[in-house]
Each structure stands twice: as structure tokens, then as C-alpha cells.
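Q: Could we go through this model together, starting with the overall picture and then moving to particular residues?

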Amino acid sequence: MWPRPAACFATLLLLAAASVPTPALAHASDRGHVLLLPTGYYVVGGAFAVGASFLVLALFPPDMLERIWRKRLTLFPCPDKLRPLASMLSFISLAVLIAAGLFGSRDPLSNPLPLTIWTLVWIGLTLLHGLFGNLWSWINPWYGPYWLVRRFTGISPGRARISPKLGCWPAVILLFAFAWFELVDPAPDDPARLAFAVGFYWSATFIVMLIFGYGEWSRCGEFLSVFFAIVSRFAPVAQGADNRLRLCMPGARLLGAEKLHPSGTAFILLALSSVSFDGLSKTFFWLGLNGINPLEFPGRTALLGISTTGLLLSFAMLAAIFLLAVAAGQKMAGDSSALLANAGLLVWSIVPIALAYHIAHYLTSLLVDGQYAIAALSDPFGLGWNLFGTAHLQIGAGIVAGAESAWVLWNIQSGAIIAGHVLAVLVAHGLAFRLHPQPVKAAISQFPLTLLMIGYTIFGLWLLATPTAG
């Protein structure tokens, strides 16, 4: 028997509410400083906004909402002919960056490899995918070389096939390995260490693509392709089957998504939980919970076991709570469908939240490290070059310091989190109608998931507000 939904979610909300700060200390970034900001009001307001959006949608005519989501504005064609060239340029750029990692500066803020991987790709490119669609399908560094092999060698790679039953579990495992390397490894910014990791990953991926095919492995194994394809479904810009670009409402394409294999559900939840743990692992709360004085941070090496366990537990807890919310919603709506099938559809509503957390959590890093990246790309080997005229760029780290900057950043970050959760409620509401055509049942089935989103809004704003180390 499932536990009583009301009791489970009341407990969840009480635990979340216990962590709500009253007028509290809010940090602008790890390079900033602690300032007094009335974050408690934002937390209450954010939770209220998410809850109110659910109530409004419950009373909104479903057909009117459907018409809004289906609106499209056709733009211009975007042919695929230049795709191999774009990918080859990306591959050549990656090769130069790997060489810079091996032979360039040892300083992570002067070497373009870590700045490109962690700032421009993982942070910046993710945000661009949320705005402009699947750019990765054009600029990933495998398609061009794969196309050349097929075009000029006469070899027909990709004859082996991967069973559909496998889903995208290889991508889930690789995403976890990536998150572990970023959040737990003692030196993910070390240029030479990162160069070996990136070079090995590109080579191994290319070999597997030659065996199973570019499309096959991109669909289920290459985690960046899977990740960016998922994020791009939120974008208001999309390329149709006729190669024409179209504008739509943000998140509209999530409503037409197919039910995901359980591995797809795990992938989306892991993407969100890893970013959440990245924020949690730096808080005084987490460090104190593990008996560590935040003012005497011992370094990553001393925290390998703790951080690995925390990363796993964050994913397990989010997955368990999400499945419990879906199961409770089914029970309240009298739905006897398979739990994992329903979860595979409703998990698409997590995408706006994951994107919002990405914006909020990495905003300050993008603003500061992005400047270092622009400067480093002009002199990749530290030889005094100035290829793009930016090698001597004055880094404005003060952009994230000071009372005014902290206030602006806090409002952008908190606004992103609240907006992401409101959009998630909207998407979940639309997906619920696919499972329950009756408006009353659809609304009832979303009540537990809405409570989860309210709780996660509180948690996300608390992460932004609480003091951190590092």
C-alpha cells in the first residue's frame, strides 16, 4: 500500500518550511560577500506564486490553454548542408583546446580548456539551448568526422544495433561520471587532467559511434547529445521536419513529447539533482552536517567519500519523492496505469526547473569566468598571442560584488527559479490532460506534484540565500 499522500506531502512541506529563512544572509557568489537581504519574503512569495499558478490553471479552460500552446510562427528554412562543416570546425577547435590543456598554462583561469568546458559549454551553451533549440546537433565534434569517414572511406559504420530495451542508461551512467568529475574529483579544473579526460571521451565515443552509428549512440549513449536534446525542447525556437525554423511558446514542445523510458526519467532527475547537490555541498549546513568547519575547509580530497555519497543520495531522494508524487496523484485520480509510464511523461515538467536551476546556480560563474574565457581564447598556449584582440581584457570581477550587484543578482536568480517552477506547473498541467482528459481528474492528479514543486522552490531559494564556503 502507498502511504497516505496528504501525510507524506505535509511532512515534506513541514521539513521545507523549517529551512525557510526569515530576513537572512544571502550570498551573491563564491567570489562575493555576505549581505543582509530580506530573502524570507522571496521564499514565501515564490511558494505562493507556484501554488497560485496551480489554482489558476485548475480553473482555466483546457481547450483555450491547448490553443495557446499549439500556436506556431513559421520563420525561414535552415538547411542541414553546412552541418558537417560546423561540426568539423568544432572538432578542430576541440583539438586545439586539448593541446592547450596539455601544453599551455597550468593556471585554470588562463588556460582556455577548463574555461571553455565548464563555463562556455556546460553553462553558456546550456542556456543557449533553452533559447534557440538544439545547437549541439550542429556543433558537436563527432558528426563531421563521422560524416567524413562515411563519405571518403567507403566504410558503412553503424551496422550493429542497440536494443531499445536499454533505453539511454549508458547516457545516465556517463552523466553521473561527468557530474562526479565536476563536483567530486579533486582537480577537475587542472588543464592537463581535463585534457586527458576530454580526449579519452571523444575517442571512445567516436569508436562506439563507428560501431553502432552516430544517430544510435547520440540517442542513447552520448550524454551531452541527450542532455542538450532534452533542454532544447523548452526553447521557443525549433527546427521542423521540413528544416524550417518556427517560434512557439517556451515549453510548448514539451507537451508533445513522448513518454520516456525509465532511463530517460532517471536522466532528467539526475541532471536536476546534480546541480542541486552542487549548491548544497558548499553550504554551511551540509558541511556542518558532516562535521566540517566551513571556515576551515579541508579541500575536495578529504571529502571524496562524503561528496560521492551526497551526489548519489541527492539523486535517490529526488527520484523517490518524484515517483511518490506521481503515484499519489494517480491514486487520488483513480488511475491504475503503470507508474513508470506516467512518470516518463510527467518528468518532462522537470525540464523548466532544471534549466532555471542552471541559470540561477551558475549565473555568477558565467559572468566572471566567461570574461576569463574570452581573454584566454586569444592566447591559448600562453605565448603572448592576441588572436581575437581580447588577450589583455581587464576582468571585471566586481560585476558580482557590492550591495547593488548582490541585489540585482539575487533578483535574477530567485526570479529564474520561481519562473521555472511556475512554467513547470503549467507544463505538468498540460501533460496531465494527456493522461486524464477530464479536467477535474487532471487537476487532482497534479496536486501532489505541485506540492513537490512548491517544496523545491523553497529549497532552491534557500540554497541561494544560505551562506556557503569556497
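A: The discussion below covers the fold, helix α4, the nonpolar cores and the salt bridges.

Q: What kind of model is it, and how are residues numbered?

A: This is a predicted model, in which local features need pLDDT of at least 70, side-chain atom pairs count only at pLDDT 80 or more, and totals for chains, interfaces and linings use all residues. Residues are numbered from 1 along each chain as its sequence is written, and side-chain values use heavy atoms, with hydrogens and water left out.

Q: How many helices and strands does the protein have?

A: The protein has 18 helices and five strands. These are DSSP runs, numbered from the N terminus: helices are H or I with at least four residues, and strands are E with at least two.

Q: What share of the residues is buried?

A: Of the 470 residues, 51% are buried. Buried means under 20% relative accessible area, exposed means over 50%, and partly exposed lies in between (1.4 Å probe, protein chains only).

Q: How much of the contact pattern joins residues at least 24 apart?

A: Among contacts between residues at least 6 apart in sequence, the share is 78%. Contact here means heavy atoms within 4.5 Å.

Q: Moving to α4, what span should it have?

A: Its 21 residues should span 30 Å at 1.5 Å a residue, and the end C-alpha atoms are 30 Å apart, which agrees. The expected span is 1.5 Å times one less than the number of residues.

Q: Which elements do the buried residues of α4 pack against?

A: They pack against α5 (112–132), α6 (136–139), α7 (143–152), α9 (191–212), α10 (214–220) and α16 (351–378). Among those buried residues are Leu-94, Leu-97 and Ile-98.

Q: And Ile-92, is that buried or exposed?

A: Neither: Ile-92, which is found in α4 (residues 83–103), is partly exposed because its relative accessible area is 46%. Together with Leu-82, Leu-85, Leu-89 and Val-96, Ile-92 makes a nonpolar surface patch of about 460 Å². Patches are made of residues with over 30% relative accessible area and no salt bridge; like charges are joined within 9 Å, and nonpolar side chains (Val, Leu, Ile, Met, Phe, Trp, Tyr) within 5 Å.

Q: Different topic: which residues touch the most other members of the largest nonpolar core?

A: In that core of 96 residues, they are Phe-267, Phe-322 and Trp-348. A second, separate core has 13 residues, including Leu-183 and Trp-462. A nonpolar core is a set of buried Ala, Val, Leu, Ile, Met, Phe, Trp, Tyr and Cys residues joined through side-chain atoms within 4.5 Å.

Q: How many salt bridges does the structure hold?

A: The structure holds three salt bridges, each defined as a side-chain nitrogen of Lys or Arg within 4 Å of a carboxyl oxygen of Asp or Glu. Arg-193 meets Asp-185 at 2.8 Å, N to O, and Lys-282 meets Asp-278 at 2.4 Å, N to O. Arg-219 pairs with Glu-216, with the closest N and O atoms 3.4 Å apart.

Q: Where do Arg-219 and Glu-216 sit relative to each other?

A: Both are in helix α10, and because they are three residues apart, about one helical turn separates them. An α-helix has 3.6 residues a turn, so residues three or four places apart point the same way.

Q: Are the acidic partners buried or exposed?

A: Asp-185 is buried at 3% relative accessible area, Asp-278 is buried at 5%, and Glu-216 is buried at 17%.

Notes:
Accessible areas come from the Shrake-Rupley method with a 1.4 Å probe; for residues, only the protein chains shown count as cover.
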